[in-house]
Amino acid sequence: MPVLSDVIAALDGLWPRERAEQWDAVGPVCGDPDTEVTRVLFAVDPVQEIADEAVALGAELLVTHHPLYLRGTTTVAADTFKGRVVHTLIRNGVALHVAHTNADRADPGVSDALAGALGLRVLRPLVPDPEDPAGRRGLGRICELETPLPLREFAALAAARLPATAQGVRAAGDRDRPVRTVAVCGGSGDSLFEQVRAAGVDAYLTADLRHHPASEAREHSPLALVDAAHFATEWPWCEQAAAELDAVSDRNGWGLRTHVSRTVTDPWTAHAASSATAATAPQAGFAVAPTNTGAPN
């Protein structure tokens, strides 16, 4: 079996740390490099529930997309929630490794996994990495549907294919307008509206769309917006990442067992739909309820 340093080297080969954004915090957080690794758990968030899951699974390595300490810290005291995560992992011999924006920009990356979950064909990156001569790495992806769908059906497709969350999926635009080309960006994507408009796509699917950027984007063009939960747009990467490490393990004869957490760590836990019959409210548009056919439960 490999030791932790072997597996970390493999992860760095898949998602090189130098390709992360300068502000990011990626790579190993804790763990003994000489510890033998037999099980690896992939998850979106390094929260206590996931740390406990890694311990219960008997994993020696937890790989998460989101960093535990993004902005640095002066303490790992166990009376803080992040410190408690660190103590839980170290006490039980579990290492933590983060692949964040380096996984976003990878080929394949987070947005490829999102596109794959929706059955979209990837054409090219939305924001190409200038250091990639092949033109395959970068942020976001430009995709197309095999058969165009009305916006309402595309939003329903996203709700059915992505993990069920309290938010579900919101959409903005003409519900009957056909959607053939789609830009996707796993995670928060409202900083990329300029590039999305330049791409000339019919719709943009991402997460964390705020009122003013979304409103301004709708005023600029007939671009349809599809807004899913942050967690939901990034969870498909966990399955993709586990498969990539499986391939490395097979080539090296390691026999690693990889697991993907199906725990929903989206922070929102309830959703109350606005009443379309409320006397003081304008007529609502349309709602898409969150459903689930193959994501975390």
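Which strands does helix 2 lie across, and at about what angle does helix 2 run to strand 2? The legends below, drawn from a predicted model, take up this point and several others.

**Figure 1. Helix 2 on the five-stranded sheet.** Helix 2 (residues 48-57) lies across strand 2, strand 3 (61-64) and strand 11. Its direction makes about 160° with that of strand 2. The sheet beneath this heading is open and is formed by five strands in the order 1-4-3-2-11, with mixed pairing. Its edges are strand 1 (27-30) and strand 11 (257-260), each of which pairs on one side only. From one strand to the next, the twist averages 25°.

**Figure 2. Pairing of strand 2 with strand 11.** Strand 2 (residues 39-43) pairs with strand 11 in the parallel sense, over four bridges. One residue pair can be picked out: Phe 42 has Val 260 in strand 11 as its bridge partner. In general, the strands of a sheet pair through backbone hydrogen bonds, in either a parallel or an antiparallel manner.

**Figure 3. Contact of helix 2 with helix 3.** The axes of helix 2 (residues 48-57) and helix 3 (residues 81-91) come within 9 Å and cross at roughly 5°. Angles under 35 degrees count as roughly parallel, and helix 2 and helix 3 are therefore roughly parallel to each other. Helix 2 contributes Gln 48, Ala 51, Asp 52 and Val 55 to the contact, and helix 3 contributes Phe 81, Arg 84, Val 85, Thr 88 and Leu 89. By class, the residues of this contact divide into five nonpolar, two polar and two charged.

**Figure 4. The six-stranded sheet.** Six strands, in the order 5-6-8-9-10-7, form an open sheet with mixed pairing. Strand 5 (121-128) and strand 7 (169-172) are the edge strands, and each pairs on one side only. Neighbouring strands of this sheet are turned against each other by 25° on average, direction ignored. Within the sheet, strand 6 (residues 138-150) and strand 8 (residues 178-188) pair in the antiparallel sense over six bridges. Cys 143 stands opposite Val 182 in strand 8.

**Figure 5. Helices 5 and 6 on the six-stranded sheet.** Helix 5 (residues 110-117) packs on the sheet and touches strand 5, strand 6, strand 8 and strand 9 (203-207). The direction of helix 5 makes about 135° with that of strand 8. Helix 6 (residues 151-161) lies across strand 6, strand 7, strand 8, strand 9 and strand 10 (224-228). Helix 6 runs at about 120° to strand 6.

**Figure 6. Crossing of helix 1 and helix 9.** The axes of helix 1 (residues 4-14) and helix 9 (residues 230-252) come within 11 Å and cross at roughly 125°. This angle makes helix 1 oblique to helix 9. The crossing of helix 1 past helix 9 is right-handed. Val 7, Ala 10, Leu 11 and Leu 14 in helix 1 meet Glu 244, Leu 245 and Val 248 in helix 9. The residues of this contact comprise six nonpolar, no polar and one charged.

**Figure 7. Overall setting of the close-ups.** The protein has nine helices and 11 strands. Its radius of gyration is 20 Å, close to the 19 Å that the globule rule gives for 297 residues, so the protein is as compact as a globular protein of that length. The C-alpha trace spans about 60 × 50 × 35 Å along its principal axes.

Key:
Residues are numbered from 1 along each chain as its sequence is written. This is a predicted model: local features need pLDDT of at least 70, side-chain atom pairs count only at pLDDT 80 or more; totals for chains, interfaces and linings use all residues. Side-chain values use heavy atoms; hydrogens and water are left out. Two strands pair if DSSP finds at least two bridges between them. Helices (H or I, at least four residues) and strands (E, at least two) are DSSP runs, numbered from the N terminus. Axes are lines fitted to C-alpha atoms, for helices over the stretch in contact, and angles run from 0 to 180 degrees between N-to-C directions. Contact means heavy atoms within 4.5 Å. Angles under 35 degrees count as roughly parallel, over 145 as roughly antiparallel, 65 to 115 as roughly perpendicular and the rest as oblique. A crossing is left-handed if the near helix is turned anticlockwise from the far one by less than a right angle, and right-handed if clockwise. Ala, Val, Leu, Ile, Met, Phe, Trp, Tyr, Cys and Pro count as nonpolar, Asp, Glu, Lys and Arg as charged, and the others, Gly among them, as polar. The radius of gyration is taken over C-alpha atoms; the globule rule is 2.2 Å times the number of residues to the power 0.38.
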